[in-house]
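This report describes how the parts of one protein chain are packed together. The sequence and the structure are shown first, and the description follows.

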Amino acid sequence: VAIQDLTPISFIVPAHDEEPLIASTLRAIRAAAEAARQPCEIIVVDDASTDRTASLAAGEGARVVSVQARHISKARNAGAAAALGETFIFVDADTLITPEVVSATVRAIASGAVGGGAAPRLDDASPRYGKVVMWVSWQAGRRLRLASGCYLYCTRAAFERSGGFDEGLYAGEELALSRALRTHGRFVMLREQVVTSGRK
C-alpha cells in the first residue's frame, strides 16, 4: 500500500512562536481526524521560532519542517512541499477544528470540489466588536468564495496547478489562492465552523 493511500489528508500548520497555543491546536486536529475516521499527517512548519514551538509540536506527534523565512506564504508552501497527502488542509496555529468540519471537507472533495474554506468564529475571549467584524467578513467571503487563512482546503493537484501561495504577498495570500483555485474547479465554502483567536 502506498504511503499516499494511508495519508489522504495533510494538515499543514505554519507557526512562529506559538508555544502557548500549538499543543491545543494539534490535539484538536488529531481528535477531529480520528473522530471523522480520516487517516492523516500533521505538518508544523516552524518559521524561525525562538520558543518551544518546534519541540512541543514534535511531542504532539507532528512532523516539523523548519524554515527561516518569517513569511506566511513561504511557510505554507514549504509544508505543502513536504506533504504526502492528496488533500491539503491549511490550519492556523491559533485555530481549533472539529470532526464536523473535517467530514464536510472530505465530502466536498469527494463531490468534486477542488478547494474551499470553513466558517471562522472568534473564541469566547474575543471582544464583541471583533466577533461582529469576523461575522461580516465571513458573510462577504462566503458570497465571494474567498477562504479565510485560518482554514483553507484544496486538492494537491489544484494547489500545484495554481502555483501555491503567492510568495510575493505579505498579506491576503489566502484570497489570492482562493481566486486561483476557482479557475480549476468548484470552490466550496463550508458552513461548519472553526474557532480562531481574537488576535486576528
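## A serine in helix α4

Leaving aside residues up to four places away in sequence, S73 touches F165, D166, E167, L169 and E173. The model in which these contacts are found is a predicted one. S73 belongs to helix α4, which comprises residues 72-82. Its relative accessible area is 0%, and because buried means under 20%, S73 is buried.

A short distance before this helix in the numbering comes R70, in the loop between β3 (63-67) and α4. R70 has a relative accessible area of 48% and is therefore partly exposed. Its phi is near 50 degrees, a positive value in a residue other than glycine.

## The nonpolar cores

The largest nonpolar core has 32 residues. Within this core, F11, L26, I97 and Y151 have the most contacts. Several elements each supply at least two of its residues: the strands β1 (9-15), β2 (40-47), β4 (87-91), β6 (113-122), β7 (151-155) and β8 (186-196), together with the helices α2 (22-35) and α5 (99-110). Another core, of 22 residues, lies apart from the largest one; V45, A83, L181 and M189 are among its members.

Which residues does F11 touch, if those up to four places away in sequence are not counted? They are I29, A33, C40, E41, I42, I43, I89, V91, I97 and V102. One of these contacts, C40, has a relative accessibility of 17% and therefore counts as buried. Another cysteine, C154, is buried as well, because its relative accessibility is 0%. The count of disulfides in the model is zero.

## Helix α2

The length of α2 can be checked by a simple calculation. At 1.5 Å a residue, its 14 residues should span 20 Å, and the C-alpha atoms at its ends are indeed 20 Å apart, so the two values agree. The expected span is 1.5 Å times one less than the number of residues.

The buried residues of α2 are I22, A23, T25, L26, A28, I29, A32 and A33. They pack against the strands β1, β2, β4 and β5 (95-96), and against the helices α3 (53-59) and α5. Just after α2 comes R37, which takes a positive phi of about 60 degrees.

## Two loop residues

A93 is located in the loop between β4 and β5. At 2% relative accessibility, A93 counts as buried. Its contacts, apart from residues up to four places away in sequence, are V13, P14, A15, E18, L21, I22 and T25. Of these, L21 is 72 residues from A93 along the chain, yet their C-alpha atoms are separated by 6.8 Å.

A48 is placed in the loop between β2 and α3. Its relative accessibility of 16% means that A48 counts as buried. The phi of A48 is near 60 degrees, which is positive although the residue is not glycine.

## Helix α5

The same calculation applies to α5. Its twelve residues should span 16 Å at 1.5 Å a residue, and its end C-alpha atoms are 16 Å apart, in agreement with that value.

Where do the buried residues of α5 lie around the axis? These residues are V101, V102, A104, T105, A108 and I109. They cover an arc of only 165 degrees, so they are on the same side of α5. On the other side of α5, R107 and A110 are exposed. The buried residues pack against β1, α2, β4, β6, β7 and β8. After α5 comes G112, with a positive phi near 110 degrees.

## Aromatic pairs

A pair of aromatic rings is described by the distance of the centres and the angle of the planes. The whole structure contains five aromatic pairs. In one of them, the rings of F88 and F159 have centres 5.4 Å apart and planes at 75 degrees; because planes over 60 degrees apart count as edge-to-face, the pair is edge-to-face.

F88 lies in strand β4 and F159 in helix α7 (residues 156-162), so this pair ties together parts that are 71 residues apart in sequence. Both F88 and F159 are buried. Ring pairs link F88, F90, F159 and F165 into a cluster. F165, a member of this cluster, is also one of the residues that S73 touches.

Note on methods. Residues numbered from 1 in each chain as written. Predicted model: local features only at pLDDT ≥ 70, side-chain atom pairs only at ≥ 80, totals over all residues. Heavy atoms only, no water. Disulfide = S-S within 2.5 Å. Buried < 20%, exposed > 50% of the residue type's maximum accessible area, 1.4 Å probe, protein only. Core = buried A, V, L, I, M, F, W, Y, C linked by side-chain atoms within 4.5 Å. Helix = DSSP H or I, 4+ residues; strand = E, 2+ residues; numbered from the N terminus. Contact = heavy atoms within 4.5 Å. Arc of directions from axis to C-beta. Phe/Tyr/Trp six-rings, centres within 6.5 Å; stacked < 30°, edge-to-face > 60°.
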